[in-house]
Amino acid sequence: MNTPQDAPFYLPQGGEIELFEKAYSHGLPVLIKGPTGCGKTRFVQHMAHRLERPLFTVACHDDLTASDLVGRHLIGGDGAFWQDGPLTRAVREGGLCYLDEVVEARKDTTVVLHPLADDRRILPIDRTGEQLEAADGFMLVVSYNPGYQNALKGMKPSTRQRFVGVSLSYPVPQLETRIVEKEGGVSPQLARRIVDVGVALRRLEQHDLEEAASTRLLIYTARLMASGVDPMRACQACLVEPLTDDEETLRALTQVIDIHF
Ligand code: ADP
């Protein structure tokens, strides 16, 4: 049986596990906000395990259609048959459906979520004429990165106000050090140095970069170092190159790393 102990490793930032559990127990959908690579997906994986529910994850993009979520008729050897999409499976099986970067999906796609995200908890499937009632345990979870948001892409107010909001950010240095140590396989001392670089690089963010050095990238840096890559090289490869192509910004980031390694 699943136990919270063997759930995917997740260090809470403060109160989000309890909030998620309460939302789940009331059948309420959850909206997780936070920058890329700060732990949103890991949090949802952890919660699905803790709540002993199957997890259906969909990475949203602007070509995603309602059929990709709900399902479609396919043609097989014996003719046409219906295949449930991930949302429908979660509704039938009482699982968690996690829509990652939901603002990337077209607005007409996210409209199918409305009757699932309020008291009705139903999924009408036009193509089959079914009106599915969500099984106990079904939970809708969506995430997005507010930093990417622009006026056109923000979630419709009528959609977002159906959700309980959980806000995550990069973990505080003490926590992030433990995460980098565990996930990156380095000593606590080295993890702390890598986190210090991350913190210093994030201070540059407002000036030059759209995206900051995420927890994910700090973990990659640690993994490369743990496998023998020169620290400077590892930082360059994981914390500089992926974040910018601009010569001047490359130089500024490299200077910050020089100070630490
Ligand atoms: P997001 O979904 O926000 O883009 P992820 O959940 O994929 O980010 O996080 C990236 C990686 O960072 C995870 O694979 C995990 O290794 C690590 N991580 C981030 N936050 C935590 C945390 N609080 N506890 C444990 N690991 C974390």
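Okay, quick definition before I start: two strands count as paired if DSSP finds at least two bridges between them. With that in hand, and bearing in mind that this is a predicted model, look at strand 1, residues 30–33, and strand 8, residues 139–144: they pair in the parallel sense over 4 bridges. If you want a spot to click on, Ile32 stands opposite Ser143 in strand 8.

Now zoom out to the whole sheet. We've got an open sheet of 5 strands, parallel pairing, and the order is 2-5-8-1-9. Which strands stand at the edges? That would be strand 2, residues 55–59, and strand 9; each has a single partner strand, so one side of each has no neighbour in the sheet. As for twist, neighbouring strands here are turned by 20° against each other on average, ignoring direction.

Then the helices. Helix 1, residues 16–25, packs on the sheet and touches strand 1, strand 8 and strand 9, with its direction at about 165° to that of strand 9. Helix 2 lies across strand 1, strand 2, strand 5 and strand 8, and runs at about 175° to strand 5, which is residues 96–100.

Let me stay on the strand 9 edge for a second. Strand 9 is residues 164–167, and Ser167 is in it. Buried or exposed, Ser167? Exposed: the cut-off is 12 or fewer other C-beta atoms within 10 Å, and Ser167 has 11, so it falls on the exposed side. Leaving out residues up to four places away in sequence, Ser167 touches Lys33 and Gly34. And remember Ser143, the one opposite Ile32? Ser167 and Ser143 are 24 residues apart in sequence, and their C-alpha atoms are 9.7 Å apart in space.

On to the ligand. There are 17 residues around it, and the ones that come nearest are Gly39, Lys40, Thr41, Arg42 and Arg216. Which helices supply at least two residues of that shell each? Helix 2, residues 40–50, does, and so do helix 7, residues 173–184, and helix 9, residues 215–226. So helix 2 turns up twice in this talk: across the sheet, and in the shell around the ligand. By class, the shell has 7 nonpolar, 6 polar and 4 charged residues.

Last slide, the annotation. The unreviewed UniProt entry puts "domain: AAA+ ATPase" on residues 26–138. Over that stretch the chain is 25% helix and 30% strand, and the end C-alpha atoms are 11 Å apart. That's my bit, thanks.

Terms used
Residues are numbered from 1 along each chain as its sequence is written. This is a predicted model: local features need pLDDT of at least 70, side-chain atom pairs count only at pLDDT 80 or more; totals for chains, interfaces and linings use all residues. A residue is near a molecule or strand if its C-beta atom, placed from the backbone, lies within 6 Å of it. Ala, Val, Leu, Ile, Met, Phe, Trp, Tyr, Cys and Pro count as nonpolar, Asp, Glu, Lys and Arg as charged, and the others, Gly among them, as polar. UniProt positions are given in the numbering used here, feature names are shortened, and annotations may be inferred rather than shown by experiment. A residue is buried if 20 or more other C-beta atoms lie within 10 Å of its own, exposed if 12 or fewer, and partly exposed in between; C-beta atoms are placed from the backbone. Two residues are in contact if their C-beta atoms, placed from the backbone, lie within 7 Å. Axes are lines fitted to C-alpha atoms, for helices over the stretch in contact, and angles run from 0 to 180 degrees between N-to-C directions.
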